[in-house]
Amino acid sequence: MSLVLRNLQRAIPLRRVPLRQRMEINLKAGEIPQPDFPDDYNLGDIFLGVEYIFQQCKENEDYYDILTVTATHGLCHLLGFTHNTEATWQEMYQKEKQILEELSRRTGATLQPLSRDLF
C-alpha cells in the first residue's frame, strides 16, 4: 500500500508498506483463521433486518428464537459456509444444527436450523 498526502504546495509520498504479510489464506469452511494481530479476530459483520424478521414470523414461532437462528445462519456464512449447492447446503445445515444444539442445551430453548426453501 502506498499513500500520498497532497496539499497546495507539494505531494508527499509515504513509504510503502504491505497491509499484511500473508495475503493468501486457504481455509475450508468452518476452519478458523489464526490471526497475526488482535484486530484480525473480527470475522465480519452480520446485519439483521429485525423488523422484517418480526414480520415474517408465523403465529406459533418465537421471534427471539428466529432471530437467534438467523444470526447463527449469518455466523456460518462468516465462517465460510455457503448454500449454493445441495452438498454445501448440507454441510452448512449440519454446522448450524451443531451450533443451535449447543445454544439450546445452554438456554433451554428449542432452536432448529433454517429450512432450505427460505433461501
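**Close-ups of a predicted protein chain**

**View 1. The surface of the whole chain.** About 9,800 Å² of the protein chain is exposed, and carbon and sulfur atoms supply 53% of that (Shrake-Rupley areas, 1.4 Å probe; for residues, only the protein chains shown count as cover). Of the 119 residues, 18% are buried, meaning under 20% relative accessible area, with exposed set at over 50% and partly exposed in between (1.4 Å probe, protein chains only). This is a predicted model, where local features need pLDDT of at least 70, side-chain atom pairs need 80 or more, and totals for chains, interfaces and linings use all residues. Numbering starts from 1 along each chain as its sequence is written, and side-chain values use heavy atoms, leaving out hydrogens and water.

**View 2. The fold, from the N terminus on.** Here the order is β-β-α-α-α, so to speak two strands and three helices (DSSP runs numbered from the N terminus: helices are H or I, at least four residues; strands are E, at least two). Mean pLDDT (the predictor's confidence in each residue, 0 to 100) is 77 for the chain, with 76% of residues at 70 or more. Among the elements, strand β1 (residues 4-6) sits lowest at a mean of 48, and helix α3 (residues 86-107) highest at 91.

**View 3. A nonpolar patch around L75.** I32, L43, I46, L48, V50 and L75 make up this surface patch, together offering about 430 Å² of accessible area. L75 belongs to helix α2 (residues 63-78). L75 counts as partly exposed because its relative accessibility is 31%.

Definitions and conventions
Patch = residues over 30% accessible without salt bridge, like charges linked within 9 Å, V, L, I, M, F, W, Y side chains within 5 Å. Salt bridge = Lys/Arg side-chain N within 4 Å of Asp/Glu carboxyl O.
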